[in-house]
Amino acid sequence: MTAAGTPIAVITGASSGIGAATARQLATAGYHVIVTARREDRIEALAAELTAAGQRASAYALDVTDRAAVDAFAAELDRFPSVNVLVNNAGGALGADPVATGDPADWRRMYETNVLGTLNVTQALLPALTASGDGTVLVLSSTAGLGTYEGGAGYVAAKHGAHVLAETLRLEIVGTPVRVIEIAPGMVKTEEFATTRFHGDTEKAAKVYAGVAGPLTADDVADTITWAVTRPSHVNIDLLVVRPRAQASNSKVHREL
């Protein structure tokens with residue numbers, strides 16, 4: 001159980017990268033963080049790390065694409081006094097093939113995780129967020145959701161879906177005590193994103209960041225998320241795009257090679 005008055009933040013995809021960094025920063029900001037991901041060992045270790053540091057954290061193994069599991073998770077949250085923040089971070093990219101040869105299985109998985117996963121968790125937790133009287137739904141999209149680039153159509157389509165979900169939800173629930181925030185990062189170098197995208201090919205993954213002096217880090221994005229979430233209740237950060245200085249657009253990056 002959390003201490004009375006401590007706000008609750010649920011973070012999906014918290015086993016690594018931006019999700020784990022966000023959990024650490026929100027915990028430092030005074031939230032009881034509930035970290036979720038499929039890899040139970042990682043989120044249990046993260047929760048233990050935060051608890052050992054005197055912060056409040058709980059772990060819950062969850063696949064956001066499994067609606068029954070998401071609904072069961074939402075029911076478990078009834079034991080907490082309220083749920084104040086949902087950070088929809090679970091997602092990711094698979095493949096970088098052109099439309100003509102893209103793998104439909106990769107496209108389907110990206111849509112299920114980035115769009116339907118966000119939908120599942122948002123729908124399941126929205127009643128609790130509303131009942132809190134001061135809720136926040138945050139969608140971590142991408143600059144891919146705002147502009148296209150060659151070889152990225154599957155990921156771009158999925159992140160466009162996440163962007164539109166956030167934009168539409170904001171219209172639909174205006175007047176309720178819930179904010180809808182969208183953070184759209186550009187190039188972020190984490191330990192897994194590009195490697196997962198290229199199905200474990202570390203050489204291809206390294207080329208994504210080759211010559212880029214300062215890509216964003218997971219902590220950079222987590223800092224942005226935490227700043228947006230901790231604004232006064234009447235302030236809504238509708239859409240915040242954050243890129244490294246070396247990146248002017250999805251397809252224009254300065255490289256020192």
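**Exercise 1.** In this predicted model, decide whether Arg 39 is buried, partly exposed or exposed, then find its salt-bridge partner.

*Solution.* Start with the accessibility: Arg 39 has a relative value of 31%. Buried means under 20% and exposed over 50%, so Arg 39 counts as partly exposed. Next, look for the partner: Arg 39 forms a salt bridge with Glu 192, and the closest N and O atoms are 2.8 Å apart. Now place both ends: Arg 39 sits in the loop between β2 (32–37) and α2, while Glu 192 sits in the loop between β6 (178–185) and α6 (193–197). The two residues are 153 residues apart, and the pair links distant parts of the chain. Finally, check for shared partners: Arg 39, Arg 42 and Glu 192 are joined into one network.

**Exercise 2.** Work out which helices are tied together by the salt bridge between Glu 49 and Arg 24.

*Solution.* First, confirm the contact: the closest N and O atoms of Glu 49 and Arg 24 are 2.8 Å apart. Then assign the elements: Glu 49 lies in helix α2 (residues 40–52) and Arg 24 in helix α1 (residues 17–28), so the pair ties together parts 25 residues apart in sequence. As for exposure, Glu 49 is partly exposed at 37%, and Arg 24 is partly exposed at 35%.

**Exercise 3.** Locate Arg 170 and its partner Asp 238 in the chain.

*Solution.* Begin with the distance: their closest N and O atoms are 3.5 Å apart, in a salt bridge. Then trace the chain: Arg 170 is in helix α5 (residues 153–172), and Asp 238 is in the loop between α8 (218–229) and β7 (239–242), 68 residues apart. Lastly, Asp 238 is partly exposed, at 39% relative accessibility.

Note on methods:
Residues are numbered from 1 along each chain as its sequence is written. This is a predicted model: local features need pLDDT of at least 70, side-chain atom pairs count only at pLDDT 80 or more; totals for chains, interfaces and linings use all residues. Side-chain values use heavy atoms; hydrogens and water are left out. A salt bridge is a side-chain nitrogen of Lys or Arg within 4 Å of a carboxyl oxygen of Asp or Glu. Helices (H or I, at least four residues) and strands (E, at least two) are DSSP runs, numbered from the N terminus. Buried means under 20% relative accessible area, exposed over 50%, partly exposed in between (1.4 Å probe, protein chains only).
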